[in-house]
Amino acid sequence: PVRAVERMARDEPESLAALNAVIARSEPLVPGATQAVLGEGPVGAAIAFVGEQPGDQEDRQGRPFVGPAGQLLSRALEEAGIDRSAAYLTNAVKHFKFTLRGKRRIHEKPTAGEVSHYRWWLDRELDFVAPKLVVALGATAVLALTGKSIPITRARGPAEFGRPFGGFITVHPSYLLRLPDAAKDEAYRAFVHDLRRVHDLAR
Ligand code: URA
């Protein structure tokens, strides 16, 4: 039997590094992922971005937001005057989930049950990072941060996550990638506009 002190030490990590060690050792809830993708960025970052779950590239490289959506996010952050390396980037769900189509691994959206399974970790993680502002990128992040399914179009902008940091809701960069070409530019500009507001709110 595990003694109470040991259980406390296991269940309540005392630092972000200790929490990350627990996450890194954990098995994916749905088998298939290569590794857990941990959050990245400094403790005390003014802004923390929460995405959905790692994609194919993130799963291979073990870093958040390095694939196509991440590259688009990087470009938009730069245009909005936000230094990506000074921000904290993480995901609601820490393991990639996919279906195979031939050799391609096609991203599958996490279920509400999966989001809630990972939620304890995200909460502890944000406690340790203690940002001024948390930005939910898309509906899965909103679900993870609020426990509610809220359409982004209605909730977009400053938000209240019932936590000691400010909140902001915007679209996920992969949504921009999926839009028809005719709609892409305007949606991208609106995303950069949101990120400029984020930058101002986190000053
Ligand atoms: N999409 C996400 O939500 N997170 C990543 O890390 C990459 C793509």
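# A guided tour, starting at Ala24

Select Ala24: this residue counts as partly exposed, because its C-beta has 13 C-beta neighbours inside 10 Å. The model on screen is a predicted one. Ala24 belongs to helix H2, which covers residues 16-25. Leaving aside residues up to four places away in sequence, Ala24 touches Ala36 and Leu38. Now add Val129 to the selection. Ala24 and Val129 lie 105 residues apart in sequence, and their C-alpha atoms are 18 Å apart in space.

**Glu14, ahead of H2**

Step back along the chain to Glu14, in the loop between helix H1 (4-11) and H2. Is Glu14 buried or exposed? Glu14 has 10 C-beta neighbours inside 10 Å, so it counts as exposed. Select Arg124 together with Glu14: the two are 110 residues apart along the chain, and 9.7 Å separates their C-alpha atoms.

**The whole chain**

Zoom out until everything is in view. The protein has nine helices and seven strands. Its radius of gyration is 17 Å, close to the 17 Å that the globule rule gives for 203 residues, so the protein is as compact as a globular protein of that length. Along the principal axes, the C-alpha atoms fill a box of roughly 60 × 45 × 30 Å. Of the 203 residues, 36% count as buried. Among contacts with a separation of 6 or more, 72% are between residues 24 or more positions apart.

Next, select residues 38-196. An unreviewed UniProt entry lists this stretch as "domain: Uracil-DNA glycosylase-like". Over these residues the chain is 45% helix and 19% strand, and the C-alpha atoms at the two ends are 26 Å apart.

**Helix H6**

Select residues 139-146, which form helix H6. Seven of its eight residues are buried, so H6 is largely enclosed by the rest of the structure. Which residues of H6 are the buried ones? They are Ala139, Thr140, Ala141, Val142, Leu143, Ala144 and Leu145.

To see what lies over them, show the neighbouring elements. The cover over the buried residues of H6 includes three strands and two helices, listed here:

- strand E1, residues 47-51
- helix H5, residues 112-129
- strand E5, residues 133-137
- helix H7, residues 152-155
- strand E7, residues 166-170

Just after H6 comes Gly147, with a positive phi of about 75°.

**Strand E7 and its partners**

Keep E7 (166-170) on screen. Four of the five residues of E7 are buried, so this strand is largely enclosed by the rest of the structure. E5 and E7 run parallel and are joined by five bridges. One pair to pick out is Leu137 and its bridge partner in E7, Thr170.

Now add strand E6, residues 157-159. E6 pairs with E7 in the antiparallel sense, over three bridges. Which residue of E7 stands opposite Gly157? Ile169 does. E6 and E7 form a hairpin, with six residues between the two strands. In the turn, Gly162 has a positive phi of about 65°.

**Two backbone angles away from glycine**

The next two stops are about phi. Most residues other than glycine have a negative phi.

Select Phe65, where phi is near 55°, a positive value in a residue other than glycine. Phe65 sits in the loop between helix H3 (56-61) and helix H4 (68-80). This residue counts as buried because it has 26 C-beta neighbours inside 10 Å.

Then go to Ala130, in the loop between H5 and E5. Ala130 is not a glycine, yet its phi is positive, at about 50°. With 14 other C-beta atoms within 10 Å, Ala130 is partly exposed.

**The ligand**

The last stop is the ligand. How many residues surround the ligand? There are 13, and the closest are Gly51, Glu52, Gly55, Pro64 and Ala69. Select these five to see part of the shell. The residues of the shell divide into four nonpolar, seven polar and two charged.

Definitions and conventions
Residues numbered from 1 in each chain as written. Predicted model: local features only at pLDDT ≥ 70, side-chain atom pairs only at ≥ 80, totals over all residues. UniProt positions renumbered as here; feature names shortened; annotations may be inferred. Rg over C-alpha atoms; globule rule 2.2 N^0.38 Å. Buried ≥ 20, exposed ≤ 12 C-beta atoms within 10 Å, placed from the backbone. Contact = placed C-beta atoms within 7 Å. Near = placed C-beta within 6 Å. Nonpolar A, V, L, I, M, F, W, Y, C, P; charged D, E, K, R; others polar. Pairing = 2+ DSSP bridges.
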